[in-house]
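Here's a quick briefing to read with the model open beside you. Have a look at the fold first, then come back for the details.

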Amino acid sequence: MASKTLYSQRDPMLKRDGFEDILEERRNSSDLKYALRCYAPVLYKGVTPCKANMLKNIVLQSDQLHYVINQVSQESGEAPDIIQEEASVILEEMAHRLQISTVRFFAFALSKAFKTLFQHVCVNEEGIQRLQQAIQEHPVVLLPSHRSYMDFLLMSYILYTYDLALPVIAAGMDFMGMKFVGEMLRMSGAFFIRRSFGGDKLYWAVFSEYVKTMLRNGFAPIEFFLEGTRSRTCKSLTPKLGLLNIVIEPFFKGEVFDVNLVPVSISYERILEESLYARELLGVPKPKESTSGLLKARRILSEDYGSIHVYFGQPVSVRSLAQGKVNRSKYNLFPRHIPRKPMEETQSFVNDTAYRIVRLQEDNMVLKPWVLMASLLLQNLEGLELSVLTEQTLWLRGLALSYAAFLDWPDHAPTAKVVSSSLALHRGLACVSGGRVSLVVGEPLGPVTPEEALFNRAVSVLSCASYRNQVLHVFLRPAMLAVAMHTAASSRKNEVYNCFSFLWDVFSNDFILCPGDTVQDFEEACYLLVKTGAVQMPQQDIEMTDRGQPILSFFNGLLEPFLQGYQVVCRYLCEEASEGLTEKQYIPAVRSFAVKLILAGNLRCYEVLSSDMQKNALAALLRMDAVRKVKVADQVTLIVNKMAVNSIDDILGGKLPTQKAVLARL
Amino acid sequence: MASNSNSSESQRIAQQRLRIIAGHLQKQKDDDSGIIATECKAEANKGTVPRKRQEIMKWNGWGYSDSKFLFNKKGHAEFTGKRYRLSGMVLPSLQDWFENTFGASVNHKSPATPTLNASAVPPASLNEAFVEDLKTTGIPFSHEAEDRVFRAHGHCLHEIFALREGKKFERVPDMVVWPNCHNDVVKIVELACKHNVCLIPYGGGTSVTSALECPPEETRCIVSLDTSQMNRILWIDEKNLVAHVEAGIIGQDLERLLNESGYCTGHEPDSMEFSSLGGWVATRASGMKKNVYGNIEDLVIHIKVVTPRGVIEKSCQGPRMSTGPDIHHFILGSEGTLGVVTEVTMKIRPIPEYQKYGSVVFPNFEAGVACLREVAKQRCAPASIRLMDNEQFQFGHALKPQVSSIFTNFVEGLKKFYITKFKGFDPHQLVVATLLFEGDRERVLQHEKQVYDIAATFGGLAAGEDNGQRGYILTFVIAYLRDLGMDYYVVAESFETSVPWDRVLDLCRNVKERINRECKERGVQFQPLTSCRVTQTYDAGACVYFYFAFNYRGLADPVHTYEQVEHAAREEILANGGSLSHHHGVGKLRKEWMKESISSLGVGMLQSVKDYVDPDNIFGNRNLL
């Protein structure tokens, strides 16, 4: 059934669609004509498009909203009219004002920009056809991966190009800081939501009713980013469930027959924000979105960012996914317009669905040869002979392909050429000198403190890591098995499994691991390693083969930064952290601890400087109850269970066997 | 439109309607009008239904043998016989509708086996001791194959399909008995208990829930207890407006006999031509005029039931009692699992002075449902109000008889022009509500205006009495039409549910879509017909009735496909807040959902009643639980 189709997506024999370059036509014909051409998309069951104002009225008059307005009014003592007015203001702030003229402006401007920035913008047209079909049959939710600000403009641009219904896009409020641009985006279909509104019932009601109204009536595909924010590391982020819950609920309540979720994978050969992200991860705060900032970004226009691949995945039917998992009749006994917390059954379904969609996004991410090269370079920070790099890249290509990676490798080009052109495109990250390839470290002007030097080096390592991260999902499971075999120091299958399951648990904030899939992932890992001849599995054992050595050692190296990073965090919490460490102090404190270690020559791993890894490690420790959060006054303090943290550290370091008892105590 | 009809015209139509539905079309034997208390076996049988049902009814289809639809040599549809308003008429648009809707062709016939193949009937396995004792009572019985097969089924698609195909029967009753009165039933039940024989009560045989199917695992002798000869009105009490009636009486006879005394029950389920009073009680039946008269549970005052433990009845006929849970409610809906309903006291009403049909067209189904909801809210529903979706509206139109005068044609054309062109209704979206008003003339007209005024606020346009009446004809001939479909590779069935108002639209849309999708997935080559109507309104919700049909050419096992789709449709109904059944019942067809529907504790409660009343499972049809 549906879960099967999801799984079969990962089938190595999977045939993926081919791509068409949509810029090619743009280079050969008038952009103006293109922007002004007739645009008449097909809509859901032929509904007539709904004007933005009408939509607002439907929302403001809905039973759902009235219920909450009365509730809030009773609680606050404020008259319903005033609350209604408030709701109307919220909606005004939130709602999109899609205008075709603005869309045409963007179509024109983006055509120009894309042609300067990118060599190709490639789209799988079969995916477009499937989407077109889906839009007519069911309400559609577009779920693109999120790596760049470009993402949603790019999505709308593509849909406009193919004469498909333009989506309405959930965007973060921070965009609204950019006055003019914010309004432009609004007129191209963005609607704005505050980043946090946890307790605000009214806000939530307006927001969810707004989204649901658009969905139920099928006025336009809804688009949002499951990951919630741009991934600064190019690893997929743990999905956020709020919006997904909202778009799925109308199905459970029977208000729509089905909802189609369409995962979209947007792969950039080079990300516009590349070094910006690395700096951000190292603690240089992200620049506040401002129009002038955007204008400064114009210098970006002079660089070559390679190609973009946009893959529209198979629409996923919520109905078939939910079959047998959620009993919809449980919604029968409660009025549908009264907001309710989702039931446990529903929550775990939505969570599961979110993970599966993100995995589908990952599966269809197009990988460039550079991604493989970056993985190799990061394991050889001192540099590699060009010839060795070429040879190993070719070897890694074979491995990646046998693990069903979606690799965009130029046809009929000699490997050496592929490698050199990749190096050329990423000359900001790696350079060849004297036949050796090594990372480029930015040279600041003037005298350099050791910290500054370290910082510069960390920027290039993290930038490079953002490319390696793109291939992680392909190798993740076998790599965790390789690490498990290494740390378990035993060939007994059950011991290796214990270790694997421990790692799986620890790293489930860093990687997309579907909840409850430990066994399945373990089996997949075994299958893949056996398939590539890296291990054999006689009886109850898992043994490395002679051929397996390079594969397993590559995998160990691949995850090494994560193991080390988490250990550093553990060590910090055990050795250095003071009583009353607050959550706010945590990141800078870990960072300076790591800096100290590196400067002292006791640590060679730079990735631990990434706030992303630090946050994920803390989240893992919190999840495993090794650290607790306590709220004291306005501060959130971290209480460390040193024994538990210590034993996690030891297991990661292979010093302590993973035993059920240990896990249970944790 | 209310204004352009005079009273005599309405009266005529009202009379006609009574003739269609309730009218007894056979010659009456002798007309002794006095309705008096009768002794068991004291008088000749006056009922429509003879012991040998097959003498007047089809053995493998719906209704009277002389009435059926067929396509004549010109390809025009006609309805044979003389019993109905449509009888003897040519229906020129039916063929086009039929071929276009189903992708069927009048050239592709799938004829039924003409006669019952007696060798396909398993031999009767008789309990000799029971038979011997039964003989001493003088109660007639039979173990002829025709009699037994006739009582081995209801009117589910798979049952009729199997009969038409001449399939071998797995299990049929071993014999049929015809008690003539309550005391006969007492004797039969006693003997059944004594000899451990399985009894299956049989009333009108119109079940659509597999309730009459014999459990194949039943090894005892199965006796079908046919109540058709218990068909007298025993007395009428005009002071309290109640009548005491034997439960085997069928709807049309009950109505005809009461009409003779100036009364009616007003209980008119669509099956009333053939279904029996006992059957209504046993399934919790609902009549189309329940808004005025109530459903069966509102109509019965007293019930007498013969069970293996003895006779259940109340000690008085108080109109309402607070004496613990109402024991009637163990009987109502018991589906023949506890005993045989033998006599019922039910409310009667004077025949209404005036009856008037009406109809309203709405631009779309949503508007129609909103209007019905408002009518229910204002509690001003006419005797019947039904909303047919567009598909059913077109279906109804296909049943228009040949129009004799050019003038009528012209008027029809004008009406159509007015609605579709002038008022801008999309002919593929518009729906029609059919109405039936009853009461004294003044009030009917007043009521009519009230309803039309509400309809107008939802964009409804009055569309004449004729359209209204045609809507009701459809429900009475639909089962005959199914037989026609089956002659041309089309299988069809109906099912129903009840659902809160706010979920009506979602349920209708989702169920239709589910059916379409399931059909596609199961290899049905042609677009199925899915149609629904809101057929009853209540304060808190509505009853929704679905028709579902498809052309099965190219399918290896159409019945199985059909059953899978219906199963899916039922799941969809339940998931959308609909009930397991509004009035058809559970039978064996929907048993699997009972726990989900009433909780396992609820099932346990029912089971403990069954265990107490019938510890040896004498009434072993295995319905419900």
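What follows covers the chain interface, some helix packing and a few individual residues.

Keep in mind that this is a predicted model. The two chains, A and B, bury about 1,300 Å² between them. Inside chain A, we'll go through three helix pairs: α7 with α9, α5 with α11, and α18 with α19. After that come four residues: I158(A) in helix α9, R53(B) in a loop, and N467(B) and H397(B) in helices of chain B.

**Where the chains meet**

- Chain A puts 16 residues into the contact, and chain B puts in 14.
- Of the roughly 1,300 Å² buried between the chains, carbon and sulfur atoms give 31%.
- On the chain A side, the trio to click on is F257(A), N332(A) and R336(A): they supply 44% of the area that chain A buries against chain B, more than any other three residues.

**Helices α7 and α9 of chain A**

- Helix α7 (residues 100-117) and helix α9 (residues 150-161) pack with their axes 10 Å apart, at an angle of about 110 degrees. That angle falls in the 65 to 115 degree range, so α7(A) is roughly perpendicular to α9(A).
- From α7(A), the residues involved are V103(A), R104(A), F106(A), A107(A), L110(A), S111(A) and F114(A); they meet M150(A), L153(A), L154(A), Y157(A) and Y160(A) of α9(A).
- Sorted by class, this contact has ten nonpolar residues, one polar and one charged.

**Helices α5 and α11 of chain A**

- Here the axes of α5 (residues 63-76) and α11 (residues 201-217) are 9 Å apart, and the packing angle is about 175 degrees. With the cut-off for antiparallel at over 145 degrees, the pair therefore counts as roughly antiparallel.
- The α5(A) side is made up of Q64(A), L65(A), V68(A), I69(A), Q71(A), V72(A) and E75(A), while α11(A) brings K201(A), L202(A), A205(A), V206(A), E209(A) and R216(A).
- Class by class, that gives seven nonpolar, two polar and four charged residues.

**Helices α18 and α19 of chain A**

- The axes of α18 (residues 386-402) and α19 (residues 415-425) come within 10 Å and cross at roughly 110 degrees, which means α18(A) is roughly perpendicular to α19(A).
- L386(A), L389(A), T390(A), T393(A) and L394(A) on α18(A) meet T415(A), A416(A), V419(A) and L423(A) on α19(A).
- There are six nonpolar and three polar residues in this contact, and no charged ones.

**I158(A), a buried residue in α9**

- I158(A) sits in helix α9 of chain A, and at 0% relative accessibility it counts as buried.
- Setting aside residues up to four places away in sequence, I158(A) touches I22(A), V123(A), I128(A), V310(A) and F312(A).
- One of those partners, I128(A), is 30 residues away in sequence, with 9.3 Å between the two C-alpha atoms.

**R53(B), a buried arginine**

- Look for R53(B) in the loop between α1 (7-21) and β1 (69-71) of chain B.
- Is R53(B) buried or exposed? Its relative accessible area is 1%, and buried means under 20%, so R53(B) is buried.
- The side chain of R53(B) makes a polar contact with the side chain of D226(B), at 3.0 Å.
- Beyond its neighbours within four places in sequence, R53(B) is in contact with F150(B), R151(B), Y202(B), G203(B), G204(B), D226(B) and S228(B).

**N467(B) and H397(B), touching partners in chain B**

- N467(B) is in helix α16 (residues 465-487) of chain B, and H397(B) is in helix α13 (residues 390-398) of chain B.
- N467(B) is buried at 17% relative accessibility, whereas H397(B) is partly exposed at 27%.
- The side chain of N467(B) has a polar atom 3.0 Å from the backbone oxygen of A463(B). It also makes a polar contact, at 3.0 Å, with the side chain of R470(B).
- Not counting residues up to four places away in sequence, N467(B) touches S359(B), H397(B) and T434(B); on the same basis, H397(B) touches S93(B), N467(B) and R470(B).
- H397(B) and L474(B) are 77 residues apart along the chain, and their C-alpha atoms are separated by 9.6 Å.

Technical notes
Residues numbered from 1 in each chain as written. Chains lettered and ligands numbered in written order. Predicted model: local features only at pLDDT ≥ 70, side-chain atom pairs only at ≥ 80, totals over all residues. Heavy atoms only, no water. Axes fitted to C-alpha atoms, helices over the stretch in contact; angles between N-to-C directions. Helix = DSSP H or I, 4+ residues; strand = E, 2+ residues; numbered from the N terminus. Parallel < 35°, antiparallel > 145°, perpendicular 65-115°, else oblique. Contact = heavy atoms within 4.5 Å. Nonpolar A, V, L, I, M, F, W, Y, C, P; charged D, E, K, R; others polar. Buried < 20%, exposed > 50% of the residue type's maximum accessible area, 1.4 Å probe, protein only. Polar contact = N/O pair within 3.5 Å; in protein donor to acceptor, adjacent residues only side chain to side chain. Buried area = accessible area lost by both parts, 1.4 Å probe.
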